[in-house]
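Work through the exercises below with the sequence and the model open. Each task is followed by a solution in steps.

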Amino acid sequence: MMALTRNSLPMSFQNHEQNYPVFAKNYNNIHATNSNSTPFPSARASVKLWPSIRKAGGKGNSSATIVTEFSAVCREGRLKEALQIMCANHHCISFNSYTYASILQTCISKMALMEGKQVHAHLLLSGFEENLFLVTKLVTMYAICGSIEDARLVFDKMPNRNIFLWTAMINGYVRNHLFQEAILLYSQMLWVGIQPDNFTFSCVLKACAGMAALHKGKEIHDHIVRSDIKLDIVVENALVVMYGQCCKLEIARQLFDNMSQRNLVSWSSMIAGYAQNGYANEALGLFRVMQHDCLIINWVTIATVLPACSHLGSLQQGKEIHCQVIKSKLKPDVFVWNALIDMYSKCGSIEAARQVFDKMVVRDVVTWNALISGYGINGYGEVSLTLFEKMLQAGFKPNHITFIHVLSTCSHAGLVVEGWEFFNCMRESFHITPRAEHYACMVDLLGRAGHLDEAEKFIQDMPIEPSSSVWGALLGACRIHCNIELAERVAVSAFRIDPENNGYYVLLSNIYAAVGKWDDVTKVRMMMKDRGLKKSPGCSWIEVKNRIYAFTAGDQSLPQSKEIYAILGSLYQQMKEAGYVPATDFALCNVEEKEKEISLCGHSEKLAIAFGLINTCSGTPIRVIKNLRVCGDCHNAIKFISKIVRRDIILRDTNRFHHFKDGACSCKDYW
């Protein structure tokens, strides 16, 4: 029997030696130790719980009976009882590697770290410390339980390692989102001459995907091509995911199309690649093909495609997917319900989002975050903050994402005092260190409310380097309040940190245009041209009869173009009679007033609304998505239109939702 020393144990044993007095100090006294001071139950307690063991007293079959019973208990997941059997009989029965493997597998399936440590101590005492099979199980157990330092300590103590042990450690790093460490260990494995197998390739490709490490991912792809290993579907799926995460969708789609066979993971990976990179139409299109091929869709696929519905504002598609969830005989996971709440919120149907929330039996922090955000972006600030209080009362601890949503809600509602209170309490009451996103929310809150000097000082006093989003928030506030002097100072910092962001140049250009400084507008546009940047054209989408239609400003080649402009002309006449005056300062071009009015009439959201009026039934809501912030003239015009046509009009821009009804907007003209 090996001598048990302090250095034989994982670091967590050494740090908490008082919890393991039997194994760290005196193995010979294991049964004499009081059960309150040992991690294992006493043999006497085990006998009480296991009459079958007590009855099996014959010298011939008792060991075999106990081992058989032990294996059965492990298979059934009764971990506590398995440990009791092991402790009660370790002195008279020699457990083999397969017996220990069965209880370790139970620890893995239950993510039972403390019990896994007890089994590890037994392995050391039984002389299995260099058994590759069991050490690989130990590394997997520690990694899955989140104790990655102990996993690495066990790995490092093995003098001889095979491909399975290397892969278990690499996979452990990936599971714990330590992608850089996984890639480094993979390189070390190659250096010592161990050749990877398919599972190794799939693990390290996940690490590359997690880091969006395209160059390393390509290296590994080349290695796969050069190797003699026959690729399996797991590696092919991992390649699709990696290229999708690295924004190389053409390569991902080529790999997907060339796969000899595809499973649900293959389809979900390609759909996710499209959805995560903003190709919502392609994601939904591929999802329809998947449905047409009669594949049984799982919850991962559902949760993957719902964000594409959110991106396009495709409420009808989202509802159809929700129906599939309801009709399914399987019980959906919480992340599916969370995705549904997010989809309904981002499609402007906050009532449906709340219905999903209310019917959920199990909720997590993400559930609460989704609905808090939903109410905030839909203009129900007070409800959003009340929901935050209910979240605390329900015993949920907010995280940094919760406070991003809460601070954003305060910003949209103009709640400056409340915003300061939440910003301070996240540090003092919840010990959450503010990140760049939280500082950007505070700058946006102060800036929208007109406290531009305070917002600038807030940035100067930040304990971290201001990000481009922080400067962008202040530049946007300068646009709202037309503060040219501050905008010029802020733009210098924004351009320095993120010179490729065309939005900052457009904001500065629009500020100059709003006050008629056309020479400065020209200078900014020349800067953009010199840097190879282009202004993103205003574009709006509307869903009609399960199809998405896109509109760009001033487009004359639209389907039903004549009808669209005719109805807009009629509406403009009625609007002017009702008191509407075009806000021509939002026509950012140096032309005559009449031409500015014509330009405003062709803004993309107005074209989409006119198309909706023509092609939907009277009285039904019109839902429009815009890729830019709605301008002041369009916001005012849509209020008039909603009253004239007696329709609810829901417009989502880059910042929030605007629910227009009877000539008023849910934002109360504060956006």
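**Exercise 1. Find how strand 1 and strand 3 pair, and over how many bridges.**

Solution. This is a predicted model, and the pairing is read from it.
- Step 1. Strand 1 and strand 3 run antiparallel, with three bridges between them.
- Step 2. One residue pair shows the register: Trp-541 has Ile-625 in strand 3 as its bridge partner.
- Step 3. Strand 1 also pairs with strand 2, again in the antiparallel sense, over six bridges. Here Ser-540 is found opposite Phe-551 of strand 2.
- Step 4. Strand 1 and strand 2 make a hairpin with two residues between them. Lys-545, in the turn, has a positive phi of about 50°.

**Exercise 2. Decide whether strand 1 is enclosed or not by the rest of the structure.**

Solution.
- Step 1. A residue is called buried when its relative accessible area is under 20%.
- Step 2. Five of the six residues of strand 1 are buried, so the strand is largely enclosed by the rest of the structure.
- Step 3. For the chain, buried residues make up 50% of the 671 residues.

**Exercise 3. Place the strands in the sheet and name the edge strands.**

Solution.
- Step 1. The chain has 36 helices and six strands.
- Step 2. Six strands make up an open sheet of mixed pairing, and their order is 2-1-3-4-5-6.
- Step 3. The edges are strand 2 (547-552) and strand 6 (664-665), each of which pairs on one side only.
- Step 4. Strand 4 (residues 649-652) and strand 5 (residues 657-661) are joined antiparallel by four bridges. In this pairing, Ile-649 has Phe-660 in strand 5 as its bridge partner.
- Step 5. Helix 35 lies across strand 1 (539-544), strand 2, strand 3 (622-626) and strand 4. The angle between helix 35 and strand 1 is about 15°.

**Exercise 4. Work out where the buried residues of helix 34 lie around its axis.**

Solution.
- Step 1. The buried residues of helix 34 (residues 593-601) are Lys-596, Leu-600 and Cys-601.
- Step 2. Viewed down the axis of helix 34, these residues fall within an arc of 140°, so they line one face of the helix.
- Step 3. The background is helix geometry: an α-helix has 3.6 residues a turn, so residues three or four places apart point the same way.
- Step 4. On the face of helix 34 turned away from the buried side are the exposed residues Lys-594 and Ile-598.
- Step 5. The cover over the buried residues of helix 34 includes helix 33 (561-577), helix 35 (604-615) and helix 36 (632-645).

**Exercise 5. Classify the aromatic pair of Phe-256 and Trp-267, and say what it ties together.**

Solution.
- Step 1. The structure has 19 aromatic pairs.
- Step 2. The ring centres of Phe-256 and Trp-267 are 5.2 Å apart and the planes are at 85°, so this pair is edge-to-face. The cut-off for that class is an angle over 60 degrees.
- Step 3. Phe-256 belongs to helix 16 (residues 249-258) and Trp-267 to helix 17 (residues 264-276), so the pair ties together parts eleven residues apart in sequence.
- Step 4. Phe-256 is buried at 1% relative accessibility, and Trp-267 is buried at 4%.

**Exercise 6. Do the corresponding analysis for Phe-423 and Phe-458.**

Solution.
- Step 1. This aromatic pair is edge-to-face, with 5.7 Å centre to centre and 70° between the planes.
- Step 2. Phe-423 is in helix 26 (residues 416-428) and Phe-458 is in helix 28 (residues 452-460), so the pair ties together parts that are 35 residues apart in sequence.
- Step 3. Phe-423 is buried, at 2% relative accessible area. Phe-458 counts as buried too, at 11%.
- Step 4. Helix 28 also holds Glu-454. At 36% relative accessibility, Glu-454 is partly exposed.
- Step 5. Leaving out residues up to four places away in sequence, Glu-454 touches Trp-420 and Leu-446.

**Exercise 7. Which rings have the charged end of Arg-161 or Arg-363 over them?**

Solution.
- Step 1. The charged end of Arg-161 is over the ring of Trp-166, 5.5 Å from the ring centre.
- Step 2. For Arg-363, the ring is that of Phe-357, and the distance to its centre is 4.0 Å.

Note on methods. Residues are numbered from 1 along each chain as its sequence is written. This is a predicted model: local features need pLDDT of at least 70, side-chain atom pairs count only at pLDDT 80 or more; totals for chains, interfaces and linings use all residues. Side-chain values use heavy atoms; hydrogens and water are left out. Buried means under 20% relative accessible area, exposed over 50%, partly exposed in between (1.4 Å probe, protein chains only). The arc is that of the directions from the helix axis to the C-beta atoms. Contact means heavy atoms within 4.5 Å. Two strands pair if DSSP finds at least two bridges between them. Axes are lines fitted to C-alpha atoms, for helices over the stretch in contact, and angles run from 0 to 180 degrees between N-to-C directions. Rings of Phe, Tyr and Trp (its six-membered ring) pair if their centres lie within 6.5 Å; planes under 30 degrees apart count as stacked, over 60 as edge-to-face and the rest as tilted. A charge sits over a ring if NZ of Lys or CZ of Arg is within 6 Å of the ring centre and within 35 degrees of the ring normal.
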